[in-house]
Amino acid sequence: MPRECVTSLRLQHRMHPAIGTLISECFYGGELDSEARDSPAWLPLFAPAPVTWLTTAGHSDRGERPTGGSEPSYTNPHEARCIEHMLRRLDFTLRAAGERASVAILTGYGAQRGLIEQRIQRAVGGWEALDV
């Protein structure tokens, strides 16, 4: 493309600024700004910070497993259980705070997506304060 036809996103409005800053530093050389906003009052009841890293390093069943098939993919059952647990906690926290939230779960593998969907399938309909 001609240089005059190329542009970059400079201000994002959808992510919490802490997440936006992480994305900016990792992928945009620090040039992506975020719209200022306060963290929800319920967030400290759920996580210590808007960006919180969880480790599964101390668990013996933490590894990825190849699924085989025509399209190579992987699952991580321990990680899927952790995600289900976190979503249950988040729904509980949101209900206690009288709030509602929408979340997205991102994974690099189609098989992992299927495993997560399978794990939360029964619970997701009963979550009163959480849209996944």
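**A tour starting at the helix 3 and helix 4 crossing**

Helix 3 and helix 4 cross in a right-handed sense. Select these two helices to begin: helix 3 covers residues 77-97 and helix 4 covers residues 110-124. This is a predicted model. Two packed helices are described by the angle between their axes and the distance between the axes. Here the axes come within 9 Å and cross at roughly 40 degrees.

**The contact between the two helices**

Next, show side chains on both sides of the crossing. From helix 3, select Pro77, Glu79, Ala80, Arg81, Ile83, Glu84, Leu87 and Arg88. From helix 4, select Gln112, Leu115, Ile116, Arg119, Ile120 and Ala123, which these helix 3 residues meet. Colour the selection by residue class: eight of the contact residues are nonpolar, one is polar and five are charged.

**From helix 4 into the loop**

Keep Arg88 selected and go to Gly126, which sits in the loop between helix 4 and strand 6 (130-131). How far apart are the C-alpha atoms of Gly126 and Arg88? The separation is 10.0 Å, although the two positions lie 38 residues apart along the chain, counted as sequence distance. Is Gly126 buried, partly exposed or exposed? Gly126 has a relative accessible area of 48%, so it counts as partly exposed; the exposed class begins over 50%.

**Over to helix 1**

Now select helix 1, residues 17-27, and pick out Glu25 within this helix. Glu25 has a relative accessible area of 54% and is therefore exposed, since the cut-off for that class is over 50%. Add Glu4 to the selection and draw a C-alpha to C-alpha distance from Glu25: the two are 25 Å apart in space and 21 residues apart in sequence.

**The whole chain**

Clear the selection and display the full protein chain as a cartoon. Four helices and six strands should appear. Traced from the N terminus, the order of elements is β-α-β-α-β-β-α-β-α-β.

Switch to the C-alpha trace, which spans about 50 × 45 × 30 Å along its principal axes. The radius of gyration is 18 Å, whereas a compact globule of 132 residues would have one near 14 Å.

Then show the surface. The protein chain exposes about 9600 Å², and carbon and sulfur atoms supply 53% of that area. Of the 132 residues, 24% count as buried.

Last, turn on contacts in the protein chain with a separation of 6 or more: 53% of these are accounted for by residues 24 or more positions apart.

Key. Residues are numbered from 1 along each chain as its sequence is written. This is a predicted model: local features need pLDDT of at least 70, side-chain atom pairs count only at pLDDT 80 or more; totals for chains, interfaces and linings use all residues. Side-chain values use heavy atoms; hydrogens and water are left out. Axes are lines fitted to C-alpha atoms, for helices over the stretch in contact, and angles run from 0 to 180 degrees between N-to-C directions. A crossing is left-handed if the near helix is turned anticlockwise from the far one by less than a right angle, and right-handed if clockwise. Contact means heavy atoms within 4.5 Å. Ala, Val, Leu, Ile, Met, Phe, Trp, Tyr, Cys and Pro count as nonpolar, Asp, Glu, Lys and Arg as charged, and the others, Gly among them, as polar. Buried means under 20% relative accessible area, exposed over 50%, partly exposed in between (1.4 Å probe, protein chains only). The radius of gyration is taken over C-alpha atoms; the globule rule is 2.2 Å times the number of residues to the power 0.38. Accessible areas come from the Shrake-Rupley method with a 1.4 Å probe; for residues, only the protein chains shown count as cover.
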